Amino acid sequence: MEALQKLLGQIKVPCANDNVYKEECVYSFDNPESETGLYVSLSSFLGFGQEYAKGYAEKSGNRVFLHLKRDKIEVAEPPQEGPEKKITRLAIGVEGGFNAADQKKYEYKEHYKVVVLPEGDSFPYPNQDLPLIVQNSVESVLNAEAASVKREREQLAGTWDGEVRQVSQHAQNLLQLENGKKIPPTGWKCERCELTNNLWLNLTDGSILCGRKFYDGSGGNDHALNHYQEVRYPLAVKLGTITSDGKGDVYSYQEDDMVEDPYLVKHLAHWGINVGQLEKTEKSMIELELDLNQKIGEWGILCESASNLKPIAGPGLTGMRNLGNSCYLNSVMQVMFTVPDFVKRFVDGGKDFFDTYPADPANDFNIQMAKLGTGLCSGKYSVLSANSMDTIDSSSGIAPTMFKALIGKGHPDFSTKHQQDAQEFFLHLVNTLQKHSRNQTDPADALKFSIEDRVECCSSGKVMYNRRDDWCLPLQIPLNLATNIAEVKKYEEDLALAEKEGRRLDPEALVRPKIPLSSCLDTFAQPETVEQFYSTAINAKTTAKKTTKLATMPDFLMLHLKKFTLKEDWTSVKLDVAIDIPEILDLETLRGTGKQPHEEELPELVGKAPTPPPMDPAVMEQLMAMGFPPEACKRAIFFTKNSGAETATQWIMEHIADADFATPFVPPGTDTGKSGGAAAAFVPDPMGLEMLMGMGFTDAQATKALKETQNNTERAVDWIFSHPDELDSIAFGEAAGESVEPAAAATSSASQYRDGPGKYKLVAFISHMGTSSQVGHYVCHILKDGQWVIFNDNKVAISQNPPKELGYLYLYQRI
């Protein structure tokens with residue numbers, strides 16, 4: 001107790017604004033349930049596993065800790081009667097893409113003690129002999145909201161759980177007949193047949209009729225649908241799905257979709273139904289859809305549902321728990337930590353980061369990357385599931401809570417708990433790595449390559465070469481080059497006929513267009529016609545031909561198959577195609593050659609660039625009102641020659657997947673960058689620059705902020721306050737008289753590229769299941785020691801049938 005008395009001056013009581021890390025170590029994934037428990041500093045309220053607690057005490061001088069140990073005890077449950085419960089929701093927010101009904105239940109026993117490190121003196125708690133300040137501190141830590149819970153609460157605002165439905169246009173003024181019918185609480189039966197399940201109550205006339213027949217023969221006899229076709233009463237609710245809080249499956253025949261009925265309680269009361277007494281007994285339509293498709297189709301193929309998967313554990317085989325739509329992050333990070341450069345910096349070099357013991361490790365990017373990488377690669381947290389891949393053991397794998405909070409901080413998409421696009425997250429990770437690689441090797445350089453754009457003036461034959469950096473090769477999918485067009489056309493005809501007749505095709509009858517990857521690569525390299533190109537050779541507008549190739553070949557090449565597109569109603573949709581993916585890929589035919597001896601360069605633009613024609617402000621306003629980026633709108637108006645909103649909209653639809661879609665628009669041919677060099681220098685918005693400099697920032701700092709936010713002044717202000725380290729480095733460089741360009745704005749010098757032979761082997765791929773990037777689930781397959789392994793959130797197993805043809809992102813390694 002004497003040692004503790006000497007340290008009372010450093011003990012604090014946490015207040016509401018303090019973050020208390022009592023759920024997990026800030027350096028590892030140890031927690032109170034780990035064998036050695038968790039040590040929470042009573043000075044900084046940071047949590048440490050035993051491996052790091054002593055080092056932190058010695059480095060910081062904060063030596064008093066609350067030790068938390070939680071014993072997890074399984075609670076035996078009585079045998080379940082009746083049929084086994086099935087999954088009930090899509091993969092939104094849960095491991096593996098669905099809810100499992102067989103999760104075990106536990107009770108917990110907590111153990112506390114106050115510990116002084118590095119000596120190891122300990123005092124049990126509760127303990128009335130402890131000084132009052134210690135008791136108050138411990139009690140406040142125990143009662144405080146954990147930092148992870150605080151972040152979770154902030155992120156939950158507006159979270160979507162996968163069952164978003166539109167309010168029916170018929171709900172508010174629904175006609176309900178006064179025909180004397182009262183619906184009993186039980187004993188329901190179809191009025192036209194003997195079926196007692198899959199029954200629907202028409203909310204207008206109170207009829208109880210069976211639902212549609214499913215492809216496998218189950219379901220009903222279509223009597224509810226036939227009744228609608230006779231009487232045109234639009235809304236029906238599925239009996240057995242109604243819950244005591246007034247929710248249930250409501251279908252609108254006229255709107256042909258599941259809908260929301262906010263007046264369902266009132267509509268049911270009309271028929272004598274008291275929802276407070278109801279209990280859900282029937283499967284919802286979401287559950288039935290899952291039941292039908294769980295073993296069939298894209299979901300089953302990508303998760304390998306039909307295979308008897310053998311779980312596997314060990315170093316590099318650690319799963320990641322789903323934190324609520326974090327499967328996109330899980331898949332990308334699993335793949336990234338198979339790249340040696342990531343392992344070298346953040347795993348092999350992790351100790352160097354940890355030994356600094358910064359004041360705020362939870363918000364230190366290098367610390368959190370090292371924590372995640374070490375957790376994935378060490379095998380310390382790799383736990384085999386109890387039975388199979390269908391069993392979710394919430395204790396297996398690691399939860400990337402701190403990393404997700406940090407990597408998504410301040411980002412409008414990745415800071416939420418909504419589903420996101422894995423490719424967009426990959427590029428966000430690359431950008432973040434650049435910002436934190438000043439004076440350090442950037443591991444993303446292993447994936448960095450240079451793209452060569454060759455532009456030939458069709459009037460003079462003279463050429464211009466430009467280069468740009470990329471970390472992911474985007475490939476359009478040429479549906480017209482499918483090798484089974486006849487079979488696809490026949491399937492589409494059968495599908496249209498089935499929809500017309502109100503029936504469903506067997507999902508096993510699905511025919512996907514089959515397209516060789518070579519066709520996607522050929523499409524990438526095809527010459528593109530550039531209209532309204534300003535040729536400095538003739539000082540006039542003409543037509544040019546643009547060809548794109550790879551100037552360098554990286555150590556690891558990420559291919560992005562552009563499966564997500566927009567429908568005519570502006571909603572996102574995914575192309576359901578099968579791509580023939582080779583294990584070995586030779587890209588030498590795509591290698592750029594640079595300017596050839598016989599080619600003559602276009603002369604550099606002399607003087608001021610020609611003024612582009614005025615853009616119709618009404619069309620510009622109309623396009624921006626649709627939600628398109630301003631620079632894309634400028635492109636559309638320019639290339640359609642101010643011919644109106646309709647043609648500009650059509651241009652946008654055709655070019656929405658272009659790599660430069662939203663980048664600052666420069667009329668073709670007027671780029672003042674040198675031929676063969678980098679793109680033209682960034683020009684900051686004058687008004688934005690003036691405003692930021694008026695806030696006290698230098699010209700270089702303000703320019704950097706505007707560049708990082710594409711000249712969005714409001715976002716630039718936020719960027720400034722969230723990147724103080726980069727601003728300090730700019731200020732330091734200015735004070736030293738240097739021309740400072742932070743690491744985030746990498747140049748295109750050849751020395752930054754790891755060029756080599758263009759022959760590759762497939763080592764990983766990320767797959768998406770679902771109809772658009774905003775819904776569904778991601779899994780990844782990684783080649784480990786010659787065998788494919790599937791990583792489905794926290795479940796890891798030897799892959800039996802890796803579905804290479806259905807991937808979204810593919811990682812190839814140079815051989």
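UniProt, in an unreviewed entry, lists Cys327 and His777 under "active site". UniProt positions follow the numbering used here, feature names are shortened, and annotations may be inferred rather than shown by experiment. The two residues span 451 residues in sequence, yet no two of their C-alpha atoms are more than 6.4 Å apart, so they gather at one spot.

This is a predicted model: local features need pLDDT of at least 70, side-chain atom pairs count only at pLDDT 80 or more, and totals for chains, interfaces and linings use all residues. Residues are numbered from 1 along each chain as its sequence is written, and side-chain values use heavy atoms, with hydrogens and water left out.

Cys327 touches His777, leaving out residues up to four places away in sequence. Its other contacts (heavy atoms within 4.5 Å) are Asn322, Gln419, Tyr778 and Asp793.

The table gives place and accessibility. Helices (H or I, at least four residues) and strands (E, at least two) are DSSP runs, numbered from the N terminus. Buried means under 20% relative accessible area, exposed over 50%, partly exposed in between (1.4 Å probe, protein chains only).

| Residue | Element | Relative accessible area |
|---|---|---|
| Cys327 | helix α9 (residues 327-336) | 0%, buried |
| His777 | strand β24 (residues 777-784) | 0%, buried |
| Val115 | strand β4 (residues 106-116) | 5%, buried |

Val115 and Val64 lie 51 residues apart along the chain, with their C-alpha atoms separated by 5.9 Å. Beyond four places in sequence, Val115 contacts residues including Tyr39, Val64, Phe65 and Asp121.

Helix α5 (residues 223-231) has buried residues His223, Ala224, Leu225, His227 and Tyr228. These pack against β6 (199-202) and β7 (208-210). Just after α5, Arg232 takes a positive phi of about 65°.
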